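Hi,

Here's the structure I said I would pass on. Have a look at it first, then read my notes underneath.

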Amino acid sequence: MVQPNAQQTIRLEQLRSFVLLKMAEIHDFQSSRFATLEKIPLGVLRKNATQKHGVTRWRQHTHHLSIEGIELHPELLCEEWQEYAKFVLYHEFLHAIGFKHHDAIFRHLESRWPLKNRKKVGRKFTIFLQRRNASWQWVCSNCDILIFRKQPSRGKYICKSCKTVLVDEPLFS
Ligand SMILES: [Zn+2]
Ligand SMILES: [Zn+2]
């Protein structure tokens, strides 16, 4: 678990308070569950993570699992992403109170969160992370598609929509 710095800790605690207040309004949760959520250590993912936006870490004991903590992507802690950050923390809180899998009940509870277009926002955040870490863009000369990657594609990838071979362009940052 990456230890958050002082500023990140303040942001994480603000997010925690907000999400808990909202969850109390949603009514689907027993208040006894909130006691757990108030105490869970909050941390941050590695800065260069691109796949995960948040994660709940578990510790394996002989007969049970306990929660080690919840980590959010550090880029989620800036103001620009705060609405999405609240949703990601809510998603992890659902895992933490025992809904371990993304099954029908989980998806129902998740849908109670009032952020519209959250899939779209999630994709936008993924692209933002990929772009930030990229040294190359893979370009389709036919479509408007740009793919951001650390490595060049070296003629090995084709565009999903038109099957044209993607061309590498270096990014200078
Ligand atoms: Zn999940
Ligand atoms: Zn194309």
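How many residues does the hairpin use to join β2 to β3? The answer is 4. Keep in mind as you read that this is a predicted model.

**The overall picture**

If you walk along the chain, you'll come across 5 helices and 6 strands. In sequence they follow the pattern α-α-β-β-β-α-α-α-β-β-β. The C-alpha trace covers about 55 × 40 × 35 Å along its principal axes. There are 173 residues in the chain, and 21% of them are buried.

The chain is split into domain 1, which is 6–125, and domain 2, which is 134–170. Between the C-alpha centres of domain 1 and domain 2 there are 33 Å. Another thing I looked at was how far apart in sequence the contacting residues are. Take the contacts between residues at least 6 apart in sequence: 55% of them link residues at least 24 apart.

**The sheet**

Now back to that hairpin. β2 and β3 belong to an open sheet of 3 strands, with the order β1-β3-β2 and mixed pairing. The edge positions go to β1 (42–44) and β2 (54–60), and each has a single partner strand, so one side of each has no neighbour in the sheet. From one strand to the next, the twist averages 35°.

You can see where "mixed" comes from by taking the two pairings in turn. β1 and β3 (residues 65–72) run parallel and are joined by 3 bridges. One pair to find there is glycine 43 with its bridge partner in β3, glutamate 71. β2 and β3, on the other hand, run antiparallel, with 7 bridges between them. For that pairing, look for glutamine 60, which sits opposite leucine 65 in β3. As a bit of background, strands in a sheet pair through backbone hydrogen bonds, and they can do so parallel or antiparallel.

**Helix α3 and the core**

Next, find α3 (residues 82–96), the helix lying across β2 and β3. Its direction is at about 25° to β2. You can check its length yourself: at 1.5 Å a residue, 15 residues should span 21 Å, and the end C-alpha atoms of α3 are indeed 21 Å apart. Just after α3 comes glycine 98, with a positive phi near 115°.

Is α3 mostly enclosed or mostly open? 11 of its 15 residues are buried, so α3 is largely enclosed by the rest of the structure. Among those buried residues are Phe87, Val88, Leu89 and Phe93, but also Lys86, His91 and Glu92. The cover over the buried residues of α3 includes α1 (6–26), α2 (31–39), β2, β3, α4 (104–111) and α5 (118–133).

That leads to the largest nonpolar core, which has 18 residues. Val19, Leu72, Ala85, Val88, Leu89, Tyr90 and Phe93 have the most contacts inside it. α1, β3 and α3 are the elements that give it two or more residues, and α3 supplies the largest share, with 8 residues. In general, nonpolar side chains tend to be buried together in soluble globular proteins.

Valine 88 is a good one to click on. Leaving out neighbours within four places in sequence, valine 88 is in contact with His53, Gly54, Leu72 and Leu76.

**Some loop residues**

Finally, here are three residues away from the helices and strands. Arginine 46 is in the loop between β1 and β2, and it counts as exposed because it has 11 C-beta neighbours inside 10 Å. Its C-alpha is 15 Å from that of phenylalanine 125, although the two are 79 residues apart along the chain.

Asparagine 117 sits in the loop between α4 and α5. Its phi is positive, near 55°, in a residue other than glycine. Asparagine 117 has 10 other C-beta atoms within 10 Å, so it is exposed.

Arginine 154 is in the loop between β5 (146–149) and β6 (167–170). Here too the residue is not glycine and phi is positive, near 50°. Arginine 154 counts as exposed because it has 10 C-beta neighbours inside 10 Å.

Have fun exploring!

Methods: Residues numbered from 1 in each chain as written. Chains lettered and ligands numbered in written order. Predicted model: local features only at pLDDT ≥ 70, side-chain atom pairs only at ≥ 80, totals over all residues. Buried ≥ 20, exposed ≤ 12 C-beta atoms within 10 Å, placed from the backbone. Contact = placed C-beta atoms within 7 Å. Domains from an automatic or database assignment. Pairing = 2+ DSSP bridges. Axes fitted to C-alpha atoms, helices over the stretch in contact; angles between N-to-C directions. Expected span 1.5 Å × (residues − 1). Core = buried A, V, L, I, M, F, W, Y, C linked by C-beta atoms within 7 Å.
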